Each structure stands twice: as C-alpha cells, then as structure tokens.
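Colleague: Please take one strand of this protein and go through its surroundings closely. I would like the cut-offs given along with the terms.

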Amino acid sequence: MGKIAVVTDSNSGITQTEAKQLGIIVIAMPFYMNGETFYEDVNLTQEQFYEMLAEGGDISTSMPTVGDVTDLWDRLLQEYDEIVHIPMSSGLSSSCETACMLAQSYEGRVQVVNNQRISVTQRRSVLDAQMLVKQGKTALEVKQLLEREKFESSIYIMVDTLKYLKKGGRITPTAAALGTLLRIKPVLQIQGEKLDAFAKARTVKQAKSIMLEAMKNDCKNRFGDASGSNLFIDVAYTYDKEAARQFEAEVRAAFPGQDCVVNPLSLSVSCHIGPGALAVACSHKLE
C-alpha cells in the first residue's frame, strides 16, 4: 500500500495546530490587507482579521501562488507516493482549476478533488479522505469517492449585516440601504457551486428558524434521512462564538442525538459576509 498525503487549504477551517494533530497538511490562504500580504492562521488570526475588517481596511482574498503549491507537492513526494489535494470549491475560487492544471505534470501522483465544498463541509471531506486512505484506498479512488459525493452537502448562512455584501458588489448600494433600513437578515445558501440568496428574515430568531426548517427539509426530502442519522450536522459562525453556541443548542434540539461540531467559517467567506453570521451545514456520511 502506497503512502498518501492529504492536503487541503485553510478554507476548510482546519488550523495549523489541528493539521499537525490530524497528520494532514493545510495550505494557508493569502489575504491582501492595506497593501500587506497575510496568511491565514500563520501571521493572521481570526481576531486580527475582524479588527481590520471593523476598521474598514482594504481587504481582498487571493489564492496560493503556483510556486507555493508545486514546491509543497515536490517536497511531499519525496516522502509520500501520492497526494490527495482538496482545495475550496471551484465555484468560489480558481485555485481548484489551477491545481487541476498543475497536477497534470505529476503523472497521476497528485489527485486534485473538485467536490465543490468549502468551510465545514470541506473539512468533512478532508476527514473522509483521511479515513479512506487509512482503509487502503489509492489517491485516485479517494478522489472518485469524494467527487461522487460532491452534492451530498448543504449550507445555510444568516448574514447579520449587508455592509460587506455591498462592499463586495454582491448587492447594489440601494438594496443594501433599503435592507439595512428594514433590518433584513438575508439567509444565503451554498449547494455545491456558489453562494446564493435563499430567503429574507427580519430578525435573527426568524433567520435561525428559516435555516433549521430548510435543513430539516433537505434531510428528509433531499437526503432521505429525516433524523439526520446518516449525516454530519455542523454549526459555523463568523466572530461571535457565544451566538454560535446558542445556535448549536437549537440545532441539537432540532436533530437529537447528533454530534454537532462548531467551527468558524472560512475567512474567505467571512470577508464577503462580515461578522455576526451563523450557519448550519450537513454532509452525507460516507458508507
């Protein structure tokens, strides 16, 4: 059995410390903030990111450089026979497409998984990959199994402020001003491809209710599993961990017996939606 390395990026929400504990490799995503380059969880903490965001700093996301990716692969292939590389969704970044192109020069030793996930669902894919490797699957088999499951996940996100959607050009200034005036809390969704509108709420309480009902509906009608027993149910958030813990209790009440995990949303997503967001996600458990 060949020795296989599992690689992902920090969009998965897996920290550098967790990566060492799990035995995987996490590429830190770069951010440009006020003319400087920072790397998530290396020289940029969650707290620093939100401080700069609150101060109105000029923040933009980027993708790892070609050299950083290939240098990592070359180094790993001196120790490992193959690599399973799981980047963020191809619908949200070109980093996946770039990695697929680069992998063509590695004669099948690097398998890039395009299973269109991000944040907590991407994290589940990484853990699934690690499990499959331990079961003796080849890198290609892991890629095929994860891509087969690529639409077997769902995320609903409540946005607390329209400021950052406006700043990123995802809504017009007029719509943002009207939404702020009416205190609208948009509920967004990620169903494999991109971040899309799902519903509008007037209060956080109503938004959470909408997300839970949507998740219950997905479990029952989309995944054929009303109890969620064959699904991972996770909670994610931006900045406000206490609000996330409160929402976790509501999610646990909606799905009794589920081992719900709470993690911060990827900073690449946070950059576009700002602090105070709450999310609930599910991922189908691999057989």
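Modeller: What follows is a look at strand β8, its partner strands and the core around it.

This is a predicted model, in which local features need pLDDT of at least 70, side-chain atom pairs count only at pLDDT 80 or more, and totals for chains, interfaces and linings use all residues. Residues are numbered from 1 along each chain as its sequence is written, and side-chain values use heavy atoms, with hydrogens and water left out.

Helices (H or I, at least four residues) and strands (E, at least two) are DSSP runs, numbered from the N terminus. Strand β8 covers residues 153–158, and 6 of its 6 residues are buried, so the strand is largely enclosed by the rest of the structure. Buried means under 20% relative accessible area, with a 1.4 Å probe and protein chains only. In a regular strand, side chains alternate between the two faces of the sheet. In β8, Ser153, Ile155 and Ile157 are buried on one side, and Ser154, Tyr156 and Met158 on the other.

Two strands pair if DSSP finds at least two bridges between them. β8 runs antiparallel to β13 (residues 278–284), with 6 bridges joining them; here methionine 158 has leucine 278 as its bridge partner. β9 (residues 185–190) is also antiparallel to β8, through 4 bridges, and glutamine 189 of β9 stands opposite tyrosine 156.

Ile157 is among the residues with the most contacts inside the largest nonpolar core, which has 28 residues. Such a core is a set of buried Ala, Val, Leu, Ile, Met, Phe, Trp, Tyr and Cys residues joined through side-chain atoms within 4.5 Å. β8, β9 and β13 each supply at least two residues of this core, as do β3, α2 and α11.

Key: Buried < 20%, exposed > 50% of the residue type's maximum accessible area, 1.4 Å probe, protein only.
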